[in-house]
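Here is a friendly walk through one protein chain, from its overall build to a few single residues. Keep the sequence and the 3D view open as you read.

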Amino acid sequence: SFLKEQIVYDLNVNSAQKSGQIHGSLVIEGLTINPIDCMIAGIAISNNQKLLTRDEHFERVEGLKVEKYW
């Protein structure tokens, strides 16, 4: 029942474009992260959502709201 109440955000055209921008910006800066993580960040930013994570590399993504847990 917990999972039924969760909102799932898809990778769509907007979030895919944002993901590509994120990946490209990080490559230029020499701060790459996994392309799948760029997609996760792009989905979160496109939907104005915070990302709950323990991975510190998400802090490299400009405009991404990150909530850490340990």
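Of the 70 residues in the protein chain, 23% count as buried. Please bear in mind that this is a predicted model. The C-alpha trace of the protein chain spans about 45 × 30 × 15 Å along its principal axes. Its secondary structure comes to 2 helices and 2 strands, and reading along the sequence gives the pattern α-α-β-β. Among contacts in the protein chain between residues at least 6 apart in sequence, 30% join residues at least 24 apart.

**The nonpolar core**

Which residues make up the largest nonpolar core? There are 10 residues in it: Ile 22, Leu 26, Ile 33, Cys 38, Ala 41, Ala 44, Leu 51, Phe 58, Val 61 and Leu 64. Two elements, α1 (13-29) and α2 (35-46), each give two or more residues to this core. The largest share comes from α2, with 3 residues. As general background, nonpolar side chains in soluble globular proteins tend to be buried together.

Leu 26 is a good core residue to click on, as it belongs to that set of 10. If you leave aside its neighbours within four places in sequence, Leu 26 is in contact with Leu 31, Thr 32, Ile 33, Cys 38, Arg 60 and Val 61. Among these partners, Ile 33, Cys 38 and Val 61 are themselves listed in the core.

**How the two helices meet**

Two packed helices are described by the angle between their axes and the distance between the axes. Here, the axes of α1 and α2 come within 7 Å and cross at roughly 125°. That angle falls neither in the range of 65 to 115 degrees, which would be roughly perpendicular, nor over 145, which would be roughly antiparallel, so α1 and α2 are oblique to each other. In handedness, α1 passes α2 in a right-handed crossing.

Which residues of α1 and α2 make the contact? From α1 come Asn 14, Ser 15, Lys 18, Ser 19, Ile 22, His 23 and Leu 26. From α2 come Pro 35, Cys 38, Met 39, Ala 41, Gly 42, Ile 43, Ile 45 and Ser 46. By class, the contact of α1 with α2 has 8 nonpolar, 6 polar and 1 charged residues.

**A closer look at single residues**

Met 39 is found in helix α2. With a relative accessible area of 32%, Met 39 is partly exposed. Apart from its neighbours within four places in sequence, Met 39 is in contact with Leu 11 and Ser 19.

Pro 35 is also found in helix α2. Is Pro 35 buried or partly exposed? Its relative accessible area is 46%, so Pro 35 is partly exposed.

Asn 48 lies in the loop between α2 and β1 (50-53). Although Asn 48 is not a glycine, it has a positive phi of about 55°. Asn 48 counts as exposed because its relative accessibility is 54%, and the cut-off for exposed is over 50%.

Ser 1 lies in the segment before α1. Ser 1 counts as exposed too, at 76% relative accessibility.

The table sets out some C-alpha to C-alpha separations that you can check in your viewer.

| Residue pair | Apart in sequence | C-alpha to C-alpha separation |
|---|---|---|
| Ser 1 and Leu 51 | 50 residues | 22 Å |
| Pro 35 and Ile 22 | 13 residues | 9.3 Å |
| Met 39 and Leu 51 | 12 residues | 12 Å |

Two of these pairs link back to the helices: Pro 35 and Ile 22 both take part in the contact of α1 with α2. Met 39 is another residue of that contact, while its table partner Leu 51 is one of the core residues.

Technical notes: Residues are numbered from 1 along each chain as its sequence is written. This is a predicted model: local features need pLDDT of at least 70, side-chain atom pairs count only at pLDDT 80 or more; totals for chains, interfaces and linings use all residues. Side-chain values use heavy atoms; hydrogens and water are left out. A nonpolar core is a set of buried Ala, Val, Leu, Ile, Met, Phe, Trp, Tyr and Cys residues joined through side-chain atoms within 4.5 Å. Buried means under 20% relative accessible area, exposed over 50%, partly exposed in between (1.4 Å probe, protein chains only). Helices (H or I, at least four residues) and strands (E, at least two) are DSSP runs, numbered from the N terminus. Contact means heavy atoms within 4.5 Å. Axes are lines fitted to C-alpha atoms, for helices over the stretch in contact, and angles run from 0 to 180 degrees between N-to-C directions. Angles under 35 degrees count as roughly parallel, over 145 as roughly antiparallel, 65 to 115 as roughly perpendicular and the rest as oblique. A crossing is left-handed if the near helix is turned anticlockwise from the far one by less than a right angle, and right-handed if clockwise. Ala, Val, Leu, Ile, Met, Phe, Trp, Tyr, Cys and Pro count as nonpolar, Asp, Glu, Lys and Arg as charged, and the others, Gly among them, as polar.
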